[in-house]
Amino acid sequence: MASFLKILLRNVLQGPSTDPFPAGETFTPPRLRGKVKLDPERCMGCRICYHTCSAGAINITQHQDGSGYDFTVWHNSCCLCANCRLYCPTKAITLTDNWHSAHEQTEKYTQVEQHFVPFVPCTTCGQPIRPLPADMAKRIYAHDPDVDPEIVRHLCPKCRLLEDAKKHMSPIVKAESASADKEKVADAAPKAATKAAPEKKTTKQT
Amino acid sequence: MSDFLKKLSVRSPWLFRINAGSCNGCDVELATTAFIPRYDVERLGCRYCGSPRHADIVLITGPLTARVKDKVLRVWEEIPNPKITVAVGICAVTCGVFRDGYSIKGPIDRYLPVDVNVPGCPPRPQAIMEAVLIAKKLWMQKLGVEE
Ligand code: SF4
Ligand code: SF4
Ligand code: SF4
């Protein structure tokens, strides 16, 4: 009897536990995995999400004219595993907490997240690339005050390497390459001789 | 009089579940939607029935495996018209992670006219409730009664 009264009292105090939905608002847990969303500004087109998607819900199609690519996520195939979010290096693809997925059959083929992501030319060589997200570039080059992340993020990988190589050339190598250049111009000797020349120089300098 | 009866009866469509080879995740969510007081789909006048002949709205889960395909189609045929078919979970909608599997014949809309889809793996109970609401609306339209 006492335990019954205890339960009764608790129930009276707590009120009904039924969620008012659909008549009223419902709760959404903060970490609920809902519809996938892409931030086209951050996407680099690396295709890691495409390869890790367990349901094959992601498609990336290059435009024939090289202007960019179409990024498509089909919500009706997505199993909400969040593999894409985990592996995306730029955190461009995320899962929202939108769980309102019910729809009529006529809308079945419109349940997509689709974006055209355009390529941007590399500021040095003009090759079409996707620029690195600004905050990511800042983080990567945080240790190096000589590098301006705003410039570097608009370079293609090759130009970035060259830029980096120029900056970090040691004085020895700089001198070496300068003298090698001089020799090339001055010397009309056969190839074998010019090849051997830098080796000699290094031994002398060190 | 018959109009009046019709109006009364359409307040409570009965639900029937068919498992077309699902992993049981979606079935657990369906059971949650119905039997846990927090969600309680019976507030909408719906309840699960044990026989397809009593059903109005049929909820199908799973990607329609080769083994159950004929049985699912036979049970579906038993449900009296007008009926509303709801595909619950990405398996039923598109076959989801099992797509192109050797034993998969689905998705079910290849064989049955599906009316409502609710993707998710599994969809949360509230999403299923939304699907049931849409199904109820469509069912009333089919009957020619507006709420
Ligand atoms: S969303 Fe992320 S993982 Fe997918 S292509 Fe874009 S950057 Fe790569
Ligand atoms: S959540 Fe999983 S299934 Fe959905 S798009 Fe991302 S990787 Fe694919
Ligand atoms: S949609 Fe996901 S939870 Fe539902 S039956 Fe398929 S695999 Fe299982």
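A residue is described here as buried when its relative accessible area is under 20%, as exposed when that value is over 50%, and as partly exposed in between. In this predicted model, that distinction is applied to helix α2 of chain B, where B:Cys26, B:Asp27, B:Glu29, B:Leu30, B:Thr32, B:Thr33 and B:Ala34 are buried. The buried residues of this helix pack against several elements of chain B, namely the strands β1, β2 (47–48), β3 and β4 (84–88), together with the helices α4 (89–94) and α5. In an α-helix there are 3.6 residues a turn, so residues three or four places apart point the same way.

Two of the buried positions in this helix illustrate the packing in more detail. B:Thr33, which lies in helix α2 of chain B, has a relative accessibility of 2% and therefore counts as buried, the limit being 20%. When residues up to four places away in sequence are not counted, B:Thr33 touches B:Tyr39, B:Asp40 and B:Val41 as well as B:Pro125, B:Ile128 and B:Met129. B:Glu29 is placed in the same helix, α2, which spans residues 25–35 of chain B. Although buried, B:Glu29 has no salt bridge, and the nearest side chain of opposite charge, that of B:Arg124, is 7.3 Å away. A salt bridge requires a side-chain nitrogen of Lys or Arg within 4 Å of a carboxyl oxygen of Asp or Glu. B:Arg124 is nevertheless among the residues in contact with B:Glu29, the others being B:Pro122, B:Pro123, B:Pro125 and B:Ile128, once neighbours within four places in sequence are left aside.

B:Val28, also in helix α2 of chain B, has a relative accessible area of 44% and is therefore partly exposed. The C-alpha atoms of B:Val28 and B:Pro125 are separated by 9.7 Å, whereas along the chain these residues are 97 residues apart.

The backbone of chain B shows several features that can be set against a general expectation. Most residues other than glycine have a negative phi, and most peptide bonds are trans. B:Asn24, in the loop between β1 (14–19) and α2 of chain B, has a positive phi, near 85°, although it is a residue other than glycine. With a relative accessibility of 40%, B:Asn24 counts as partly exposed. A positive phi, of about 60°, is also found at B:Leu64, likewise not a glycine, in the loop between β3 (57–61) and α3 (69–78) of chain B. At a relative accessibility of 1%, however, B:Leu64 counts as buried. The peptide bond joining B:Cys121 and B:Pro122 is cis, with omega about -10°. B:Pro122, which is one of the residues in contact with B:Glu29, lies in the loop between β5 (116–118) and α5 (125–143) of chain B.

Chain A contains 8 helices and 8 strands, and 29% of its 206 residues count as buried. Of the contacts in chain A between residues at least 6 apart in sequence, 65% join residues at least 24 apart. The chain exposes about 13600 Å², of which 59% is supplied by carbon and sulfur atoms.

Three residues described here belong to the loop between α1 and β1 of chain A. A:Pro22 is found in this loop and is joined to A:Phe21 by a cis peptide bond, for which omega is about 5°. A:Thr28 lies in the loop between α1 and β1 as well, and with a relative accessibility of 32% this residue counts as partly exposed. The C-alpha atoms of A:Thr28 and A:Asp97 are separated by 7.3 Å, although the two are 69 residues apart along the chain. Apart from residues up to four places away in sequence, A:Thr28 touches A:Asp97 and A:Trp99 within chain A and B:Arg124 of chain B. B:Arg124 is thus in contact with A:Thr28 and also with B:Glu29.

A:Arg31 lies in the loop between α1 (2–14) and β1 (36–38) of chain A, and its relative accessible area of 78% makes it exposed. Together with A:Arg33, A:Arg85 and A:Lys91, A:Arg31 forms a positive surface patch.

Note on methods
Residues numbered from 1 in each chain as written. Chains lettered and ligands numbered in written order. Predicted model: local features only at pLDDT ≥ 70, side-chain atom pairs only at ≥ 80, totals over all residues. Heavy atoms only, no water. Helix = DSSP H or I, 4+ residues; strand = E, 2+ residues; numbered from the N terminus. Buried < 20%, exposed > 50% of the residue type's maximum accessible area, 1.4 Å probe, protein only. Contact = heavy atoms within 4.5 Å. Areas by Shrake-Rupley, 256 points an atom, 1.4 Å probe, with all protein chains shown as cover. Patch = residues over 30% accessible without salt bridge, like charges linked within 9 Å, V, L, I, M, F, W, Y side chains within 5 Å. Lys, Arg positive; Asp, Glu negative; His and termini not counted. Charge placed at Lys NZ, Arg CZ, Asp CG, Glu CD.
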